[in-house]
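Hello,

Here is the structure I promised to pass on to you. Have a look at it first, and my notes follow underneath.

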Amino acid sequence: MHKFFITTPIYYVNDAPHVGHAYTTILADVLSRFHRMAADEVFFLTGLDEHGQKVKQAAQKQGLDPQAHADLLAPRFINLWKKLDIRYDDFVRTTQRRHTRVVQGVMQKVYDAGDIYLGEYQGLYSVAEERFITETEHASGQFRDVKNIQEKNYFFKMSKYQDRLMAHIQANPDFIQPEHRRNEMLGFLKQPLGDLCISRPKARMDWGIEIPFDHAYVTYVWFDALINYISIPGYLSDEQKFKKWWPADVHLIGKDILTTHSVYWPTMLFALGLPLPKTIFAHGWWLMGESKMSKSLGNVVNPLDLMEQYGVDTVRYYLMREMVLGQDANFTIESFIKGVNSDLANDFGNLLNRVSGLIGKNHAKTVPDPGQLTAAEEQVKQQALLLPGLIQPLVSAYKVQEAILTVIDFVKLLNKYLEAQAPWKLAKTDLPAAGRVLYTATEGLRIAAIWLAPVMPAKTAAVLSILGAEGTTAGWGQLKPGTVLKEHPPLFPRIEVAKE
Ligand code: MSP
């Protein structure tokens with residue numbers, strides 16, 4: 001048995017959750033479920049980033065104290081995850097004592113080891129991005145809310161670890177994925193790496209974790225937040241637990257937080273003498289037209305709004321099947337309707353309706369006997385047996401879209417098989433032969449449902465329940481002849497669009 005430790009970014013509680021947050025969280029959930037299916041022991045960690053300037057400002061706008069503001073927003077995330085059927089194993093809030101004490105412990109440790117020093121800082125600070133930026137970055141005009149700040153601060157000797165980080169990235173092609181992000185980071189590391197300013201004077205910004213060796217300062221929000229990946233699995237608190245889970249198998253992130261994860265974080269881990277995560281995977285953005293989708297895009301339809309009308313699983317399916325991991329994806333209602341209608345209504349749903357309709361009509365609603373398989377059935381069976389070998393490597397390589405489409409291809413093959421064998425005709429002349437075909441197609445449907453379960457847990461559970469096949473696995477032949485099929489409403493209705 002393998003262990004699989006997967007994380008999402010912890011989301012700022014400066015606003016309600018939106019599709020960008022939901023996407024990464026669903027992706028982590030889908031990957032977790034695939035790994036659980038392969039009998040891996042999974043630890044799926046998500047949560048909230050509650051400190052820092054952004055959160056403080058958002059709270060001020062509401063006239064609230066930052067903790068009260070975070071307490072108000074936290075349930076919005078938790079409830080959305082519940083609604084989206086997210087099965088996380090732990091949920092961190094960075095204001096929790098179990099996290100703050102580890103952050104302080106880490107600070108002290110790195111300080112004692114001589115990797116943190118007090119220095120003078122003068123530079124351009126982007127309030128919106130919560131970090132100091134370079135002149136070149138400022139000139140790019142991409143940063144809002146830039147201030148010139150001069151103050152005494154604590155610095156982490158990040159530069160000391162530059163060569164080691166470079167060597168690690170070069171020696172471990174899977175460390176930063178996809179490859180173009182890895183190249184981007186290798187390019188970035190050709191420039192000399194500065195040290196990282198990791199404190200904020202309380203006089204300017206007090207919403208953070210106090211630095212244990214200087215009470216006039218709080219910790220920089222990124223230094224605090226990244227540590228959640230080790231504080232929750234037990235670093236400095238539960239040695240056994242920590243040994244079991246660390247290093248993480250994958251940190252899933254969006255491309256905009258690549259530098260913090262693949263430069264700040266690994267150098268922090270070097271300073272602590274800890275192994276690095278196996279993979280940092282940066283996905284692209286959901287775009288609407290040219291812009292990144294966010295809460296502030298306001299009144300446009302967003303995939304989460306479609307949940308009420310079309311169901312949670314349909315939205316999960318769309319988000320997973322539409323985005324090629326690593327690239328940006330464009331959300332349009334047209335692509336939603338097209339994806340849902342073609343894969344779910346025309347392929348998967350149609351297969352379900354056909355087999356249950358025909359078994360209902362010609363076989364007394366009872367799963368027929370498979371009889372002696374002919375070459376045509378053998379071919380279907382062989383294809384089903386190939387699925388684990390096709391899908392599992394795709395999932396391991398973070399090619400979730402391809403994994404899903406592999407299942408859909410199998411469903412298409414089943415529909416073609418039905419078309420060619422025409423059990424509705426066979427029923428008139430050779431009922432056992434019609435039964436053999438329907439057994440085979442239904443068994444294929446069952447196996448397809450098992451493979452789609454990580455993406456659509458509720459809908460596929462409904463399919464398995466109709467087939468009386470709860471608790472079965474992806475192996476061939478587990479559908480029981482003699483099972484009476486349950487009645488069911490249409491599970492994958494076509495989305496009808498009114499013609500203009
Ligand atoms: N708090 C930090 C992360 C700390 S992790 C130790 C943060 N939070 S965030 O709430 O601003 O963003 C979290 C994630 O949401 C990022 O990975 C970002 O890429 C993702 N998304 C926000 N909008 C997005 C889209 N429109 N599309 C896809 N993901 C995007 O950064």
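In this predicted model, an oxygen atom of the ligand has a polar side-chain atom of Asp256 at 2.5 Å. Two backbone contacts go with that one. Ile10 places a polar backbone atom 2.8 Å from a nitrogen atom of the ligand, and a backbone N or O atom of Trp286 also lies 2.8 Å from a ligand nitrogen atom. How much of the ligand does the protein bury? The ligand taken alone exposes 670 Å², and 95% of that is buried by the protein.

There are 23 residues around the ligand, and those that come nearest are Ile10, Asp49, Asp256, Trp286 and Met293. By type, the shell holds 13 nonpolar, 7 polar and 3 charged residues. If you want to find the shell along the chain, look at strand S2 (11-12), helix H1 (19-37), helix H8 (221-226) and strand S13 (250-254), each of which supplies at least two of its residues. The largest share comes from H8, with 3 residues.

There is also a sheet to look at. It is open, has 4 strands in the order S6-S5-S7-S9, and its pairing is antiparallel. Strand S6 (131-133) and strand S9 (196-197) are the edge strands, each pairing on one side only. S6 pairs with strand S5 (residues 116-126) over 3 bridges, in the antiparallel sense. To see how these two line up, find Leu124, which stands opposite Ile133 in S6. In general, the strands of a sheet pair through backbone hydrogen bonds, either parallel or antiparallel.

Enjoy exploring, and best wishes!

Notes
Residues numbered from 1 in each chain as written. Predicted model: local features only at pLDDT ≥ 70, side-chain atom pairs only at ≥ 80, totals over all residues. Heavy atoms only, no water. Near = heavy atom within 4 Å. Polar contact = N/O pair within 3.5 Å; in protein donor to acceptor, adjacent residues only side chain to side chain. Areas by Shrake-Rupley, 256 points an atom, 1.4 Å probe, with all protein chains shown as cover. Nonpolar A, V, L, I, M, F, W, Y, C, P; charged D, E, K, R; others polar. Pairing = 2+ DSSP bridges.
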